[in-house]
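Here is a friendly walk through one protein model, written for someone who works at the bench. Keep the sequence and the 3D view open as you read.

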Amino acid sequence: YQAIAEDLIGNDALVSIVNKYGETPLDKCKGALATKLHELAVQNGQDLKKVGYQDQSWLGTKMRSRDATLSRHSGININDLNLQAKMASTPSGETWKGIWQGNDIVAKVLNLRECTPRNSRDFNEEYPRLRIFSHPNVLAVVGCSNSPPNLVVVNQYIHYGSLYSVLHEGTGLVVDTAQAIRFALDIARGMSFLLTLEPLVQRYYLSSKHVMIDEDLTARLNMADAKFSFQEKGKFYSPAWMSPEALQKKQEDLNVKAADMWSFAMLLWELSTRGIPFSDLSPMEVGMKIALEGLRISIPPGTSH
């Protein structure tokens, strides 16, 4: 990821912020790369004094762009992607595990009936806003390939996969109450951050399927799961986590913060009960009943709320 690291520093990302283990990005690098990034940071005028973990005073500095993205990414040549194994196929597209620049990646090939010049243009305009590298609970899109008829979104491979997989598909990871609370706090921090951005990230619908669990058990909101403006308008494949308003209103008419709070409450229910909301109904039935018939989850006896 050397090119990405240099791109980040060139766009004023700080190399002096420590993680919860007291390590800076330079500490995590090896050999010549650490020296190169140190020199680049100095050239950019950075103060290399360490910023403590959870000290967020740097968020308000002029060095950080308001929308927290890197918009000058030129894209990935599709021929440089070594796609090795198909992981999933959904109405939104095919997900592949592969290698790019020697790193494990996941590539999502969007499913489009036709890739028009307008789709290609909108893709170029929209994907840079998903490259959010400035928060530990947000999993950024590493890059994209605009190679009609293929539009491909690329992000980091995450070992444990989604929170949905961890909770319901037997990954072997034990999630006790304390860990469930940590996941909930991570998700809350990530969503709180996204809701400060101007403009807001559009069409990211919070659910356990769109939260990834990193190897250090950090929950991260997966920006690769945000939908593009030209994708499947009006179609929702995980309505169980969505508010009635999100299912009924157009994006521009929606109170996004209120809708996200509803989805977060559904995640809390899922973490508490370890159940899948409305698992006895099809997605179409769930969406119709939530939007039109007042279908709601029930709180098990003894659950604090």
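Does C144 count as buried or exposed? At a relative accessibility of 1%, C144 counts as buried. Please keep in mind throughout that this is a predicted model.

## The cysteines

C144 has company in this respect: C115 also counts as buried, at 19% relative accessibility. The cut-off for buried is under 20% relative accessible area, and the value for C115 is 19%.

How many disulfides does the model hold? The count comes to 0. A disulfide is a covalent bond between the sulfur atoms of two cysteines. To be counted here, two cysteine sulfur atoms must lie within 2.5 Å. The closest cysteine sulfur to that of C115 belongs to C144, and because the two are 13 Å apart, they are too far for a bond. Looking from the other end gives a matching picture: for the sulfur of C144, the closest cysteine sulfur is in C115, at 13 Å.

## A run of paired strands

Now turn to the strands β1, β2, β3 and β6. β1 and β2 run antiparallel and are joined by 7 bridges. The connection between β1 and β2 is a hairpin that passes through 2 residues. β2 then pairs with β3, again in the antiparallel sense, over 8 bridges. β2 and β3 also form a hairpin with 2 residues between them, and Q101 in that turn has a positive phi of about 55°. From β3 the pairing continues to β6, antiparallel, with 5 bridges.

The table sets these pairs beside one more, β4 with β8, which belongs to the sheet described further on.

| Strand pair | Direction | Bridges | Residues that stand opposite each other |
|---|---|---|---|
| β1 and β2 | antiparallel | 7 bridges | A88 and T95 |
| β2 and β3 | antiparallel | 8 bridges | T95 and K108 |
| β3 and β6 | antiparallel | 5 bridges | V106 and N155 |
| β4 and β8 | parallel | 2 bridges | L139 and N222 |

T95 is a handy residue to click on, as it sits in strand β2. A88 stands opposite T95 on one pairing, and K108 in β3 stands opposite T95 on another. Leaving aside residues up to four places away in sequence, T95 touches A85, K86, M87, A88, V106, A107 and K108. Is T95 buried or exposed? T95 is buried, because its relative accessible area is 18% and the cut-off is under 20%.

β3 is mostly covered, with 7 of its 8 residues buried. V106, one of the contacts of T95, has N155 in β6 as its bridge partner.

## The second largest pocket

These strands also meet an open space in the model. The second largest pocket holds about 1,100 Å³. Its lining counts 37 residues, and T90, T95, K209, H210 and D225 lie nearest the centre. So T95, which is buried at 18%, appears here again. Which elements each supply at least two lining residues? They are β1 (82-90), β2 (93-100), β3 (103-110), β6 (150-156) and α5 (163-168). β1 gives the largest share, 3 residues. By type, the lining divides into 16 nonpolar, 14 polar and 7 charged residues.

## The largest cavity

A search of the whole structure finds 2 cavities of 30 Å³ or more. The largest cavity has a volume of about 180 Å³. It is lined by 17 residues, and V201, Y204, Y205, V256 and D260 are the closest to its centre. Here helices contribute: α6 (177-194) and α8 (256-273) each supply at least two lining residues. The largest share, 4 residues, comes from α8. The lining of this cavity divides into 13 nonpolar, 2 polar and 2 charged residues.

## An open sheet of 3 strands

Finally, look at the sheet that holds β4. It is an open sheet of 3 strands in the order β4-β8-β7, with mixed pairing. Which strands stand at the edges? β4 (138-139) and β7 (211-213) do, and because each has a single partner strand, one side of each is left without a neighbour in the sheet. β4 runs parallel to β8 (residues 219-222), and 2 bridges join them. Within that pairing, L139 stands opposite N222 in β8.

Key
Residues are numbered from 1 along each chain as its sequence is written. This is a predicted model: local features need pLDDT of at least 70, side-chain atom pairs count only at pLDDT 80 or more; totals for chains, interfaces and linings use all residues. Side-chain values use heavy atoms; hydrogens and water are left out. On a 1 Å grid over the protein atoms alone, a cavity is a set of points where a 1.4 Å probe fits but cannot get out, and a pocket is an open set with protein on both sides within 12 Å along at least five of seven lines; lining residues have an atom within 4 Å of a point. Grid points are joined across faces, edges and corners, and a volume is the space filled by probe spheres set on the points. Ala, Val, Leu, Ile, Met, Phe, Trp, Tyr, Cys and Pro count as nonpolar, Asp, Glu, Lys and Arg as charged, and the others, Gly among them, as polar. Buried means under 20% relative accessible area, exposed over 50%, partly exposed in between (1.4 Å probe, protein chains only). Two strands pair if DSSP finds at least two bridges between them. Contact means heavy atoms within 4.5 Å.
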